[in-house]
Amino acid sequence: MKKYSYVGALIMLIIISSCGNTANENKAKVKMDPARMAIQGEMEAELTAPPKVPASVGDRSAKKLVVNMEVIEEEGEMTDGVKYVYWTFGGSVPGSFIRTRVGDEIEFHIKNHPDNKLPHNIDLHAVTGPGGGATSSFVAPGHEKVFNFKVINEGLFVYHCATAPVGMHIANGMYGLILVEPEGGLPPVDKEYYVMQGDFYTKGEYGEPGVQPFDMKKAVEEDADYVVFNGKVGSMTGDNAITANVGETVRLYVGNGGPNLVSSFHVIGEIFDKVYIEGGSVINKNVQTTLVPAGGAAIVEFKVDVPGTFILVDHSIFRAFNKGALGMLKVEGNENRTIYSGTIQEGIYLPEGTSNQEMPSSEKEEAVNTNISMSERIELGKQIYSRTCFACHQAEGQGIPNAFPPLAKSDYLNKDVNKAIDAVLNGLSGEIEVNGVKYNSVMTKQNLSNDEVANVLNYVYNQWGNSKKEVTPAMVKARRSSEGH
Ligand code: CU
């Protein structure tokens, strides 16, 4: 009897508690289970190439969304003079941006262009199902595959090709982003852009011209030649910079296709007011640099308060200045001197017991040795170059794309020797054009004697296909006095 009532009580308890669960689940399902959300109507998805994104979903109802994605293998430009055969989703690297909402039912058409050489497929991280769609989408050139999926989880997701060798398909540019907005859409902002990092592996070193084939060994060793935003060096610099106006809020959908490297995404001179960490639903605030894993994403938002050029980088910083992971956001509008003053004073700094750092020119000129040969001058100039110029203009005078102009075969240097002398004597800032490319950086004034200026310029003029123009200390002296130095 005792035993019976104990079992009975237990059964009652189970019934009560399971009833409770069912009631809660039902309540939740009625409101928000996207897996059971009904669709109303059908539309074709707008697809965009970076840095553009499609229009926001706003408050539209869940629909059947038809995505027409064409795989195209085509030659493109990695950087000036360097070609690469990219494999793309929709003709761009990263591939077309897809924008959807929870509850949508996507009818995905993957079309492999008949001119392509290889089969491909797609794994979308927004898919709940085997291979993220890869197992249903393997498609040969000249064919089309269709599969459907229900969009259940909101967030920013990577998609990529998953055909063997998977790493190679991704390394050739086969990745992109799919944004899944919540019911009612993300809060509106003023500007939205699509930025996606990728690492590339080429037979030749960085900048080596010609069509560069993929290098499997470097890829396996994770020894990237190029680390870039939006598929190429300079995709978002100069005239390609993304833009905003003072007072606007900018939202960046940041992805990382990899295949190997993790991005330390940072915007120089800005603080992310909000980061949707890893593209999910947790929002962090007041972030300087956010990690974007290979095969992952983040949404960052910030209000721009002052005008200027803000540089997007992977803060693994050699990638930015030496491998291409550098973009620009140009902000126009009125200054706000309270938030940022600009330089308000510049003066001489002379700690006690030191003398003026700038050598009086008369003292330096006494050291001029007129009896040395040109080859000795070049040798002395080489030493000065490796001490003073090398870091920016690089060992072979190749410069650094988007940052420091080349000295090799430089039309700027070869056309006007006085400009070259002036640059070393006085420094150089503001926009200049070298070999058809615009640069806007700062070269500091070099504290060198007339003899040293002549030597380093003789070294430069006698290297790397330059004009072998001879520069004498007297020429430097003349420029120095004409400028009042
Ligand atoms: Cu592929």
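Colleague: OK, I've got it that two strands pair if DSSP finds at least two bridges between them. In which sense do S7 and S9 pair here?

Modeller: Antiparallel, over two bridges, with S9 covering residues 155–160. Keep in mind that this is a predicted model. One bridge to look at starts from Asp-123, whose partner in S9 is His-160.

Colleague: Which sheet are those two in, and what's the strand order?

Modeller: An open sheet of five strands, ordered S2-S5-S10-S9-S7, with mixed pairing.

Colleague: Why do S2 and S7 have one side without a neighbour in the sheet?

Modeller: S2 (47–48) and S7 (123–124) are the edge strands and each has a single partner, so one side of each is left open in the sheet.

Colleague: And the six-strand sheet, what's its order?

Modeller: S13-S11-S15-S20-S17-S18, again open and mixed. Its edges are S13 (226–229) and S18 (283–287); each has just a single partner strand, so each has one side with no neighbour in the sheet. On average, neighbouring strands there are turned by 20° against each other, ignoring direction.

Colleague: Parallel or antiparallel for S11 and S15?

Modeller: Parallel, over eight bridges, pairing residues 191–200 with 249–258. Val-195 sits opposite Val-254 of S15. S15 also has eight bridges to S20, but those two run antiparallel. There, Gly-255 faces Ala-297 of S20.

Colleague: What about S20's other side, how many bridges to S17?

Modeller: Three, antiparallel, with S17 being residues 272–276. Tyr-276 stands opposite Ile-299 of S20.

Colleague: How many of the S20 residues are buried?

Modeller: Six of the eight in 296–303, which leaves the strand mostly covered.

Colleague: Switching topic: which residues touch the most other members of the largest nonpolar core?

Modeller: Phe-157, Leu-177 and Tyr-253, in a core of 85 residues.

Colleague: What is Leu-177 in contact with, leaving aside neighbours within four places in sequence?

Modeller: Its contacts include Phe-157 and Tyr-253, and also Pro-94, Phe-97, Tyr-194 and Met-196. Gly-255 and Ala-297, the facing pair from S15 and S20, are on the Leu-177 contact list too. There's also a second, separate core of 17 residues, with Ile-384, Val-424, Ala-454 and Val-471 among them.

Colleague: Last one: which residues of H12 are buried?

Modeller: In H12 (473–482), that's Pro-473, Val-476, Lys-477 and Arg-479. Down the helix axis they fall within an arc of 165°, so they line one face of H12. Ala-474, Ser-481 and Ser-482 are exposed on the other side.

Conventions. Residues are numbered from 1 along each chain as its sequence is written. This is a predicted model: local features need pLDDT of at least 70, side-chain atom pairs count only at pLDDT 80 or more; totals for chains, interfaces and linings use all residues. A nonpolar core is a set of buried Ala, Val, Leu, Ile, Met, Phe, Trp, Tyr and Cys residues joined through C-beta atoms within 7 Å. A residue is buried if 20 or more other C-beta atoms lie within 10 Å of its own, exposed if 12 or fewer, and partly exposed in between; C-beta atoms are placed from the backbone. Two residues are in contact if their C-beta atoms, placed from the backbone, lie within 7 Å. Helices (H or I, at least four residues) and strands (E, at least two) are DSSP runs, numbered from the N terminus. Axes are lines fitted to C-alpha atoms, for helices over the stretch in contact, and angles run from 0 to 180 degrees between N-to-C directions. The arc is that of the directions from the helix axis to the C-beta atoms.
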